[in-house]
Amino acid sequence: MTILYDEGQQAIATESRRVLEARTSTDALLPLLESVGDYHRPFWDTAKEQGWTALALPEAHGGLGLGLIELGLIAHQAGRSLSGAPFLTSGFGAAKAIELYGSDAQKARWLPALASGDSIGAIAFAAGPDALPAQPDVTFTDDRLSGTARGVSGGLAGDVAIVLANGPGMPVLALVDLNDVERTPVPSFDNSRCVANLSFVGAPAETLAVGTAARDAALHILALQAVVTAHEQTGGAEVLMEIARDYALTRRAFGQPIGAFQSVKHRIAELYGLVELARANCIHAASREGAADFITAAAAARLSATEAYDTAARDCVQIHGGIGVTWDLGLHLHMRRARSLAIEQGSSLFWEDVLVDRLAGEAA
Amino acid sequence: MTILYDEGQQAIATESRRVLEARTSTDALLPLLESVGDYHRPFWDTAKEQGWTALALPEAHGGLGLGLIELGLIAHQAGRSLSGAPFLTSGFGAAKAIELYGSDAQKARWLPALASGDSIGAIAFAAGPDALPAQPDVTFTDDRLSGTARGVSGGLAGDVAIVLANGPGMPVLALVDLNDVERTPVPSFDNSRCVANLSFVGAPAETLAVGTAARDAALHILALQAVVTAHEQTGGAEVLMEIARDYALTRRAFGQPIGAFQSVKHRIAELYGLVELARANCIHAASREGAADFITAAAAARLSATEAYDTAARDCVQIHGGIGVTWDLGLHLHMRRARSLAIEQGSSLFWEDVLVDRLAGEAA
Amino acid sequence: MSDLETYRAKAAAWLESMAPTYGREARKGLAEADDLELGRRYQKAKFDAGFAGINWPTEYGGQGLGHLEKVTFDAEEMKHGFPNFYFGISLGMPVPVLMQFGSDRDFVKERVLKALQGEEIWCQLFSEPSGGSDLAGLRTKAEPDGNGWKINGQKVWTSWAHYSDYGVIVVRTDPTVPKHKGLTYFWVDMKAPGVTVRPIKLAGGDSHVNEVFFDDVKISDDHRMSPVGGGFAVAITTLMIERYVATDSAGFGPHLDLFVDLAKDTLLNGKPAIEDGRIRHQIARNHAMRSGLDSINVRARLMMQAGMIPGAEGSLNKLVAVRSRQKLSELAIDLQGTDGFAFDEHASQKEDWASSWINAPTGRIAGGSDETLLNTIAEKVLGLPQDHRPDKGIPFNQIPA
Amino acid sequence: MSDLETYRAKAAAWLESMAPTYGREARKGLAEADDLELGRRYQKAKFDAGFAGINWPTEYGGQGLGHLEKVTFDAEEMKHGFPNFYFGISLGMPVPVLMQFGSDRDFVKERVLKALQGEEIWCQLFSEPSGGSDLAGLRTKAEPDGNGWKINGQKVWTSWAHYSDYGVIVVRTDPTVPKHKGLTYFWVDMKAPGVTVRPIKLAGGDSHVNEVFFDDVKISDDHRMSPVGGGFAVAITTLMIERYVATDSAGFGPHLDLFVDLAKDTLLNGKPAIEDGRIRHQIARNHAMRSGLDSINVRARLMMQAGMIPGAEGSLNKLVAVRSRQKLSELAIDLQGTDGFAFDEHASQKEDWASSWINAPTGRIAGGSDETLLNTIAEKVLGLPQDHRPDKGIPFNQIPA
């Protein structure tokens, strides 16, 4: 697949950017930080209304039959304007898991609802720093889940979750309806992510895959989500670079714009480099879905995008000086988002290992 | 012990600097790079004449009874003016091994000769990247050494070596007379280090320590040498920072001294920081000889000094532009020395592990 | 046992005895107002026990001891999490400057004593919205008014102004001369008519810094603490004290031991993270950096004790320590993975990684940004040329805004 | 199989067949003069086989194909270590510029054909001792002399000048106007009287760059390739080609696979180094960086193929790739420990870590230093202000040296 966007794809980028910039604002997002469990409903309504929830799902089940490239373009714009909820990525992961590993019944039950956005999906693989634990905290016996999945993004609002569980002697990838599951909200530094601990007490669950297949499936889902998140991170880094540049052009010190000082201008130029490397890796990874090197490409995109967003958050605030650390200016929204996106779908530590295992031929 | 230099110590620094600056020059050092096995004899003659070889050895055996602090001051100046041979450090290591773990006979046989500099000592612990290998390449059986110690600095000119060998079921720290031992010169990027492979074919050797004691002894010797080398690295980094600053003050571009461009002035300021941190760690480590935290202090000094010298070499050359990479200007002498000192006495990878084992309470 | 060790033991014992009443546990869950009240009582207790103004002259209620005793006490005090930071700036910069430059000595003495006992708090009114790192570019002006002066303008980033009784302030008294030459240094009554304090909420959620507005605030000339037009020099003295006070090799973040503990308690790929080379690398590098700063600080104290002037390397602490604390805190969050989301905006940045991370940028900007510190080192220490400054030598009122 | 793949297969097969005669093995131990002779024969063989001037017009002996075929061939060619670098600059910049701007077309055609067949080599005479990154500050002058010109001055860093038959040169023809406006672009016969070439030995030990001195070198006006005073624009064209040619995500150092192999073959603490997180971190980061650059380069080619102009991100390659190659090479030496001392000054920097390390600084400076590239990105791409340049607009002969 080519890595040049066609006209349709460029239109998706332009339109989603227009809509998001019109409907999101710092003032709307700041209060969400101070309440646990709320998310930015206008963002989610927009995602549903614009069909972004259906974008990458199969037409047979209410989707639009497009792919990672198109969803990535939306995520990039969502990253620029600080998406108000994590459901686009978490729902996509859940839907792909059901599409790829589910039964016809499961597809019929969940895909249309996930495509319309009426149902919200969540992914519960991680145990703390282990994005794909060999021994998950949740156990699966007799088609029931027990134990607690900690720190699940979107978990507080989710209707269905895909869980990596500890089955009888082997891992199990399970689908669970969350409506009767107890969730404890986790107060976090980025509360609109709706993070929750999911406590399963013999919750009925259905098997999607078992054994090595379960782990491989989970990694594949994680990689698909990681590519979407990498686009979102790149969008965030890109807008921070632009904000830093604009500020450096207008803010004056010692009688000239601070952008004339090399410590500032070179730092912004370095950000440009990080953003373009991340963008290039994202475009490449999105074009490799289904290819043998997809996991490798996804890892590269994820690593460079995380570095770009964290660095842009650090540097953009630093370039702003005192005003940059005020609550009202809201640059800390990007600082916080850079960190929450950095730990969702596995941290850099995890993706470095995934990548090197493959480069060294230690894994598929 | 205090970390403020007294007058005597300051005099050592001033005098050794004066002598070394008078007797070394880039023109004398450049040709050494292109011949294998030569070293800068005027440097070594000076070291003997000035009593630097005797400085840190016990008075009872022809030494001056001073310590790491004084030897460190000499090493710092030697680093500034690119010492013409590695024997000051290698001989010190060998002598300390004999002083601390040798018999009276061994002390009588070797210490006076090492103190006068008539004999040259070498240390052969490493096997490639392993500064203290669990399974050394050299074996020790029936008081004889067999096998090859690779890449021994000073080995080409050494009269006596301290070898970490593979004894019967346990490591052995052995003393070996090199006069009948075959040495193969190793052409290196810093030839005055007199690097050689020592091939032992049943060479008669004497035991200094065995088992865990042997490893502990070897690490202690390595740490003592590392502190000396750290001073030398700091001296090299310091002089490179000064060279960079002087060049930035005189060289003009776009109508002003390049030191007025923040990319240049901030880089030199960062070098200042690295040099001062390394210096502070060196002074601290030298003052902790014999204390429980000596290994930790030595590791910190070694790590910060290696970083300072490598970074200063990179940045000083970069600040010079084209002229910086010419053979004749000789900045590459520092580039090369920064790297050879970085791998002698164990690389940063080794010292990071030594340090963290202790910080995490996994060792001593 | 050396005198200093005796002193340390005495201090440690007293602090130990105060911990139950004023320490970390006692403060848990207190609203800021109550915490401040507790702080005032603790400061009074220090005064009564002879641990306030340790290195200040006895005539001003101090103990007349040396900088070493002060530093020794501070190191011990830091362990208990006392509510002493409300007075940190007050007793750190403005009050010492008042002692040095205040004209009415009786007034000075009274203020110093009340400040030492925690009854009064002083703030420092330097930064302005237009200013950034360009202190001398400030615009707040004082015009002659009868025998005194009339102040108009706005200050910003003023710590604890909302609790302060007095403040020291630098203002422009002559806009027709180059910017450094037109400044004068005064003290002001923060309760005087025309002074308005508005707290600024920071990225981490707290609000200890403020905007302060001056509308026709009238002061008499005895408030003046510098020659007219000679305020910049006094202001720099203050900033120098400030830079020197800032020596915590942890960069005002958590101690490295806390990271080591986290790495030992966290499983990465089924093994303790402390065995992972990436984590080990960061621990080793941060330890080396911090031990270097500690050694620099110890040496500086020994030199001062020996009557010598410490080197410029003291200015490195804030630059390198806070910058690396920021990245280490991010790594600590990565290391906790999905457990790293958890956040308590009231947690201490010396004990909590998320709090350390979110507040680190403030540390890299307040009291001299990284870039300002690098320029200072390059110019003042290494003698490198000053940056191009188009406004140099130009009358302030002719510099384009 | 796409046309391009067919082309790749055809090229690969031919290159394979040439490897025994001209490849890495055949060159082992050759003195440089003999290696150059082999290179000339190889270049002739390329010409005869239709692989020279792949994307050049057929009337000049080229193949009239696209940039994609050129890039495809180069990628395949790189695998065999042919002695083609002697012609890299000649055919990369000066000869294309001659094709574009040379006035005497017959002369031009003859030169281009001989250059394509390896018979003649061209060099590029830009940098000067006083210049550094300030190209327009050059001092070598050409004064009117009869109907022609007389050149006096010195150039430096001229690659392969000691083997060159001709060169392109930028000189100052008017010192009384601002520096960018007084330059003119010529070609010169390197064998002409008054031209002296002196090789410069570099840090790594080799000497492919030179100082070139011009003493009253007389040239006729038909050597002129730009309007009088219009030389800077032509020079910039050349530099742009140069920057674009420089796209190797390995930064002209070893492929990352070689580092992975080293890490697999090296024991660290008794375990393969590839299992050590510190090594894994560097492998992962370097791979991510390089794959990003590769993707940027592929996209740029696709855009050119589609008749679009690639984005400025192409300029990132040299900046980030060479810089990180330098540090990776240092790590590779650390990883070999005492085995890392070994050094062969004739080893290829694409295959040997020590050689890659010692030559990396040259890569970070030649063809635009890191700082110049950052300024270009900041100013040309992001629209940030130019640095303060006191010499701006001042007549060249009034700028203090």
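Biologist: Let me get the rule straight: two residues are in contact if their C-beta atoms, placed from the backbone, lie within 7 Å. How many residues does the contact take from chain A and from chain B?

Modeller: Chain A gives 4 residues and chain B gives 4 residues. On the side of chain A that touches chain B, 1 residue is nonpolar, 3 are polar and none is charged. Nonpolar covers Ala, Val, Leu, Ile, Met, Phe, Trp, Tyr, Cys and Pro, charged covers Asp, Glu, Lys and Arg, and the others, Gly among them, are polar. Keep in mind that this is a predicted model, where local features need pLDDT of at least 70 and side-chain atom pairs need 80 or more, while totals for chains, interfaces and linings use all residues. Residues are numbered from 1 along each chain as its sequence is written, and chains are lettered from A and ligands numbered from 1 in the order in which they are written.

Biologist: OK. What rotation superposes chain A on chain B?

Modeller: A rotation of 180°, with 0.0 Å of shift along its axis and an RMSD of 0.0 Å. That's the relation of a two-fold axis. The fit is by least squares on C-alpha atoms of residues with pLDDT of at least 70 in both copies.

Biologist: Which C-alpha in chain A is nearest the axis?

Modeller: The one of A:Q262, at 2.6 Å from the axis. Also, 100% of the interface residues of chain A are interface residues in chain B too, so the copies meet through the same surface.

Biologist: And at what angle do the two α8 helices pack?

Modeller: About 95°, with the axes of α8 (residues 262-287) of chain A and α8 (residues 262-287) of chain B lying 8 Å apart. So α8(A) and α8(B) are roughly perpendicular, a label for angles of 65 to 115 degrees, with under 35 being roughly parallel, over 145 roughly antiparallel and the rest oblique. The residues making that contact are A:Q262, A:S263 and A:H266 on one helix and B:Q262, B:S263 and B:H266 on the other. By class they come out as 6 polar, no nonpolar and no charged.

Biologist: Switching to chain C. How many residues does its contact with chain A take from each?

Modeller: 40 residues from chain A and 43 from chain C. On the chain A side, β3 (144-152), α9 (294-320), α10 (331-343) and α11 (348-359) each supply at least two residues. The largest share, 6 residues, comes from α10(A). That side has 18 nonpolar, 15 polar and 7 charged residues.

Biologist: What's the secondary structure of chain A and of chain C?

Modeller: Chain A comes to 11 helices and 9 strands, and chain C has 13 helices and 9 strands. Those are DSSP runs numbered from the N terminus, with helices being H or I of at least four residues and strands E of at least two.

Biologist: How much of each chain is buried?

Modeller: In chain A, 65% of the 364 residues; in chain C, 47% of the 401. Buried needs 20 or more other C-beta atoms within 10 Å of a residue's own, exposed means 12 or fewer, and partly exposed is in between, with C-beta atoms placed from the backbone.

Biologist: Last one: is A:G202 buried or exposed?

Modeller: A:G202 is exposed, with 11 other C-beta atoms within 10 Å. A:G202 is in strand β7 (residues 196-210) of chain A. Leaving aside neighbours within four places in sequence, A:G202 is in contact with A:R144 and A:S146.

Terms used: Axes are lines fitted to C-alpha atoms, for helices over the stretch in contact, and angles run from 0 to 180 degrees between N-to-C directions.
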